[in-house]
Amino acid sequence: MDSKMEEKDFLACCGSKKFAEEMTSSGPFANLDHAIDVARDIWFNKVDVNGWLEAFAAHPQIGQNPSAKHPSDTSAQWSKGEQSTALQTATDSSLQELSDWNARYWKKFGFVFLICASGRTASEILAELKRRYPNRPIVEFEIAAQEQMKVTELRLAKLFSTQVKAASISTQNPETAAKKAGDRVSIIGAHLTATSEASAGKTPQISPRTRPPITSHVLDVARGSPAAGIEVRLEMWKGNQPRPLFGKEDEGGWVLEGSSITDKDGRSGQLMSMIDALNPGIYKISFNTGKYCPSGFFPYVSILFEIRESQKWEHFHVPLLLSPFSFSTYRGS
């Protein structure tokens, strides 16, 4: 379907040259869903830190027009459209405040404040900027990467809708083709703002995965680098009780799904089989932090989480932010 897509097309979706090269070599794609699955795998598992920064740099600051030296005319045009709601709802004073906070953010983190701005008002974006500003740089870096992926998905939808329209215009009414193309953009836009199709009572579309459904990534906050060489174990609760109970002995109820060791980028590698649908239930992912940092406070760290029936088609990424005397985690997409 994407036989005419070139590297410049994917560069308009994401400003990382590595990303564009990998997408070009991975094609052709059967459909949009296939392209998005491959794009997520490339962005999170193959593009390095420099590639992430390169992609961030391709975005104008929120509230500003793209530079005349922007590497992609298509990307610049899409940026304008994505910020249209913010610009339409902004006042002179709010634009000035956005500019001031953008400058503060850049000074602290060294890259542009990145957010999937499509449909967001200026006040919503400013509030989110202020909320994220206190984050540690390594935490904010990961959040920015997640936001970049949202933008990339939205732009891939636009790219595919253009091809659908071009391919269909000779065989059907142009208005029908345009409507179908627009519907694809609407569908992916809804995907970015909703928790999941299943939670809304709809049957999700099954598509082949390009990575295991549960992954992890460990960052060493103290050193400001990925944490390599940490043993990671993934287990599922299959005890006599429906779930492990706080304060109760739970030995014997956990069944090992898989184990791995983090690589030089701090990524856990494959912790379970490549399956389409996860078994709903309670999972535990454990990190041998004591071996990694013998003088640290935690001999090991375990994180428990529940995957529900409506979430079995989703991907769960569990980053761990580690320092000698504390750790934090949040669910990535």
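# Notebook: a buried isoleucine, a ring cluster and some enclosed space

I began with Ile282, which counts as buried because its relative accessibility is 10%, under the 20% cut-off. A reminder to myself before going on: this is a predicted model.

**Entry 1: around Ile282**

I looked up where Ile282 sits, and found it in strand β5, which covers residues 281-287. Next I asked what Ile282 touches once its neighbours within four places in sequence are left aside. The list runs to Glu235, Met236, Trp237, Arg243, Pro244, Trp254, Phe305 and Glu306. I also checked Ile307: Ile282 and Ile307 are 25 residues apart in sequence, yet their C-alpha atoms are 6.4 Å apart in space.

**Entry 2: the chain as a whole**

I stepped back to the overall numbers. The chain has 333 residues, and 47% of them count as buried. Its secondary structure comes to 11 helices and 8 strands. I then looked at contacts with a separation of 6 or more: residues 24 or more positions apart account for 68% of them. For the surface, I noted about 17,100 Å² exposed by the chain, with carbon and sulfur atoms supplying 52% of that area.

**Entry 3: aromatic rings**

How many aromatic pairs does the count come to? I noted 15. One of these is Trp43 with Trp52, a stacked pair at 5.5 Å centre to centre and 25 degrees between the planes. Both partners are worth a burial check. Trp43 counts as buried because its relative accessibility is 0%. Trp52 is buried as well, with a relative accessible area of 4%.

I turned to Phe56 and Phe141 next. Their ring centres are 5.7 Å apart and their planes stand at 75 degrees, so this pair is edge-to-face; the cut-off for that label is over 60 degrees. The pair links distant parts of the chain, with Phe56 in helix α4 and Phe141 in helix α9, 85 residues apart. Are these two buried or exposed? Phe56 counts as buried at 0% relative accessibility, and Phe141 is buried too, with a relative accessible area of 14%.

I then followed the ring pairs outward. They link Trp43, Trp52, Phe56, Trp101, Tyr105, Phe109, Phe111, Phe113, Tyr133 and Phe141 into a cluster. Both pairs I had looked at are therefore part of one cluster, as Trp43, Trp52, Phe56 and Phe141 are on its list.

**Entry 4: the second largest pocket**

I looked up the second largest pocket, which holds about 390 Å³ of space. Of the 22 residues lining this pocket, Val49, Trp52, Phe141, Leu219 and Pro226 are the closest to its centre. I was glad to meet Trp52 and Phe141 again, both members of the ring cluster.

Which elements give two or more residues to this lining? They are α3 (32-45), α4 (49-57), α9 (137-168), β1 (214-220) and β2 (225-226). Helix α9 gives the most, with 4 residues. By class, I noted 12 nonpolar, 4 polar and 6 charged residues in the lining of the second largest pocket.

**Entry 5: the cavities**

I found 2 cavities of 30 Å³ or more in the structure. The largest cavity contains about 100 Å³ of space. Its lining has 13 residues, and those nearest its centre are His59, Ile62, Glu82, Gln83 and Ile115. The elements giving two or more residues here are α5 (73-82) and α9. By class, the lining of the largest cavity divides into 8 nonpolar, 3 polar and 2 charged residues.

The second largest cavity has a volume of about 40 Å³. I wrote down its lining in full: Leu11, Ala12, Cys13, Cys14, Gly15, Ala58, His59, Ser75, Gln148 and Arg155. His59 caught my eye, as this residue lines the second largest cavity and is also listed among those nearest the centre of the largest cavity.

Which element supplies the largest share of the lining of the second largest cavity? That is α1, with 3 residues. Helices α1 (7-13) and α9 each supply at least two. By class, I counted 5 nonpolar, 4 polar and 1 charged residues in this lining.

**Entry 6: a thread to keep**

Helix α9 kept turning up. I met α9 in the lining of the second largest pocket, in that of the largest cavity and in that of the second largest cavity. The same helix holds Phe141, the partner of Phe56.

Note on methods: Residues are numbered from 1 along each chain as its sequence is written. This is a predicted model: local features need pLDDT of at least 70, side-chain atom pairs count only at pLDDT 80 or more; totals for chains, interfaces and linings use all residues. Side-chain values use heavy atoms; hydrogens and water are left out. On a 1 Å grid over the protein atoms alone, a cavity is a set of points where a 1.4 Å probe fits but cannot get out, and a pocket is an open set with protein on both sides within 12 Å along at least five of seven lines; lining residues have an atom within 4 Å of a point. Grid points are joined across faces, edges and corners, and a volume is the space filled by probe spheres set on the points. Ala, Val, Leu, Ile, Met, Phe, Trp, Tyr, Cys and Pro count as nonpolar, Asp, Glu, Lys and Arg as charged, and the others, Gly among them, as polar. Buried means under 20% relative accessible area, exposed over 50%, partly exposed in between (1.4 Å probe, protein chains only). Contact means heavy atoms within 4.5 Å. Accessible areas come from the Shrake-Rupley method with a 1.4 Å probe; for residues, only the protein chains shown count as cover. Rings of Phe, Tyr and Trp (its six-membered ring) pair if their centres lie within 6.5 Å; planes under 30 degrees apart count as stacked, over 60 as edge-to-face and the rest as tilted.
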